[in-house]
Amino acid sequence: MNLKELYQEIILEHGKNPRNLRKTEGFNKDAKGNNPLCGDNIHVYLKLNGQKIVEDASFEGSGCAISMASASIMTDLIKGKNEHEAKEIVEDFLGMIKENPELKSKYLSEDEKTKLMCLSGVKQYPMRVKCATLSWHTMVSAFDEEMEEVKTEN
Amino acid sequence: MNIDQIKKEFPIFDEKIQNNDLVYLDSANSSQKPKIVVDRINEFYTKQFSNVGRSVHYLAVAATNLYENTRTSVQKYINAKHKNEIVFTKGATEALNLVANTLGQSYLQEGDEVLITELEHHSNYVPWHFLRKSKNIKINFAEINEEGEITLEEIEKKITPKTKLISITHLSNVTGAILPVKEITQLAHSKGIIVVVDGCQGAPHLKLDMQELDCDFYAISCHKMYGPTGLGVLYGKKKWLEELPPYQGGGGMINEVKKDRISYGELPNKYEAGTMATAQVIAFDKSIKFLESIGIENVMKHEADLVEYGQELLQKNNSVKLIGNPKNKGGVLSFIIEGVHPHDIATILDEDGVAIRAGHHCCQILHDKLNIPASARASVGIYNTKEDLDQLNESINNCKKIFDL
Ligand SMILES: Cc1ncc(COP(=O)(O)O)c(C=O)c1O
């Protein structure tokens, strides 16, 4: 593992030009997360339709290329999934970022898996894992509508 | 002064860090330790260990003497009038909490105002915030100017008839600004205001003379001063330390304990409750000896040269923006690179063995003011060379390349 592998094109691309960096109009779920150690912060917005399917997902905030890319990829691929599917994907992603060699969820397409695996490089940088996971924890708390702000602890 | 020779006194520089030579530019966070300090800890634990101030056996007496020797060394090093004005704490954070807590108990009244600055580290803000909550005191902030400095005029402007205390950093751990502490103290004292100084960044890099500065309290962090972690020093004027109540209760700080009454010990024991960081205190004597052997004037000259050199390098590097440009500046170079988050900078620099810090450096108020979430910070110590700063610059260029800048 080297830096080149961590800062691959796709991370830089999403990091510099994140998708869905905006506030969803008419969102019905949202949560804030922050990373007190770094001062990174994120606000995730979800709009669920009548069938509890994510119609739109977006985020606002600032952070490093890793956290921005992670939020960007996450909000892209979560669209069209329901809460149950989304949460399973979160579990799968967090497992992969910490220890699992690969992603297993049946709710992820091969293309989505490939994109997410680009973030696997952060495993080598324990201090940076929380950058990659902040948006994911925050999305879960948006689903659960927890009032408390999410704080990362790896 | 031979920096290569001085660097050899620090064993860490013999290590390869992920196959790289270490370029350590994080001394404002914590300094590396010279061998004599590390050896002293080892020697104390292997050959001389005993608790201090408790027993009468040989080792206990010897350890107590060693412990008190450091107090005397610190007193001399900072030119305090009395030995008992030196109190050991677990760090500068505890020193500042001690001051805020005890002044809060017995001196500050509801409605009183405390003046701090936008440059303060959280440890010189949060303890006062506690009093804002518990005693309804008000906290005012002196504001930085364009250069990231706090001027005497700004302090004067922010003093009101209710200002009872001014608590300021000696040297900003972000902009590097050195505050006119002596002048601020003169002004404050002319109005009957107490002055507390967070000397964390001042103590390792500036000449200290408590009697000349004349501040009422001065907090020191030993781990930033080529000393061990878990140790700080609070200097406090004798009249204050005598007058204020104790901070923590326990063994060592008492005079007499009865079921219905307790009287407290004399200085400095009054503020050193429980078993202290004995080995660290004893080893800290070597840190002071180390600094004395170089001479603080030489330290200051070397670090001033480094900062000037680093500042020029980074100013010439486009897309790098330095934070603050104070006239009177210590060894701190904080910067941002347009388009690269400080954490990415730090990770990429780390790959080359260049250790810097990224984040808000416990100064969120300042970063909010500057409208940036975080910054990257390179800070120097006595062991750094111009080559280190060249490497910093080169690694920054590498970082820009990765980010296509
Ligand atoms: C300006 C300043 N004040 C206070 C502190 C806290 O010091 P300590 O680590 O000794 O508690 C630091 C160190 O992080 C600092 O840089």
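Student: Where in chain A is the place of Lys52(A)?

Tutor: In this predicted model, Lys52(A) sits in the loop that links strand S2 (40-48) to strand S3 (54-62) of chain A.

Student: What makes the phi of Lys52(A) worth a remark?

Tutor: Phi of Lys52(A) is near 65°, which is a positive value in a residue other than glycine. Most residues other than glycine have a negative phi.

Student: Which residue of chain B has a phi near 65°, and where is its place?

Tutor: Tyr226(B) has a phi near 65°, and its place is in the loop between strand S9 (217-221) and strand S10 (232-236) of chain B.

Student: Why is Tyr226(B) called buried or exposed?

Tutor: Buried means under 20% relative accessible area. Tyr226(B) has 1% relative accessibility, so Tyr226(B) counts as buried.

Student: How do you know whether Glu112(A) is buried or exposed?

Tutor: The cut-off is again under 20%. Glu112(A) has 17% relative accessibility and therefore counts as buried. Glu112(A) belongs to helix H5 (residues 110-117) of chain A. Apart from neighbours within four places in sequence, Glu112(A) is in contact with Leu77(A), Lys81(A) and Tyr107(A).

Student: What kind of peptide bond joins Leu267(B) and Pro268(B)?

Tutor: That bond is cis, with omega at about -5°. Most peptide bonds are trans. Pro268(B) lies in the loop between strand S12 (262-264) and helix H10 (278-294) of chain B.

Student: What makes chain B as compact as a globular protein of its length?

Tutor: Chain B contains 14 helices and 17 strands. Its radius of gyration is 22 Å, close to the 22 Å given by the globule rule for 405 residues, so chain B is as compact as a globular protein of that length. Of those 405 residues, 58% count as buried.

Student: How do you know which side chains make polar contacts with the ligand?

Tutor: A polar contact is a pair of N or O atoms within 3.5 Å. A polar side-chain atom of Asp198(B) is 2.6 Å from a nitrogen atom of the ligand. For the side chain of Gln201(B), an N or O atom is 2.8 Å from an oxygen atom of the ligand. The side chain of His223(B) likewise has an N or O atom 2.8 Å from an oxygen atom of the ligand. Each of these distances therefore meets the limit of 3.5 Å.

Student: How much of the ligand does the protein cover?

Tutor: The protein covers 88% of the 390 Å² of accessible area that the ligand has on its own. The shell around the ligand has two nonpolar, eight polar and two charged residues.

Conventions. Residues are numbered from 1 along each chain as its sequence is written. Chains are lettered from A and ligands numbered from 1 in the order in which they are written. This is a predicted model: local features need pLDDT of at least 70, side-chain atom pairs count only at pLDDT 80 or more; totals for chains, interfaces and linings use all residues. Side-chain values use heavy atoms; hydrogens and water are left out. A polar contact is a pair of N or O atoms within 3.5 Å; within protein, one must be able to donate a hydrogen and the other to accept it, and residues adjacent in sequence count only if both atoms are side-chain atoms. Accessible areas come from the Shrake-Rupley method with a 1.4 Å probe; for residues, only the protein chains shown count as cover. Ala, Val, Leu, Ile, Met, Phe, Trp, Tyr, Cys and Pro count as nonpolar, Asp, Glu, Lys and Arg as charged, and the others, Gly among them, as polar. Helices (H or I, at least four residues) and strands (E, at least two) are DSSP runs, numbered from the N terminus. The radius of gyration is taken over C-alpha atoms; the globule rule is 2.2 Å times the number of residues to the power 0.38. Buried means under 20% relative accessible area, exposed over 50%, partly exposed in between (1.4 Å probe, protein chains only). Contact means heavy atoms within 4.5 Å.
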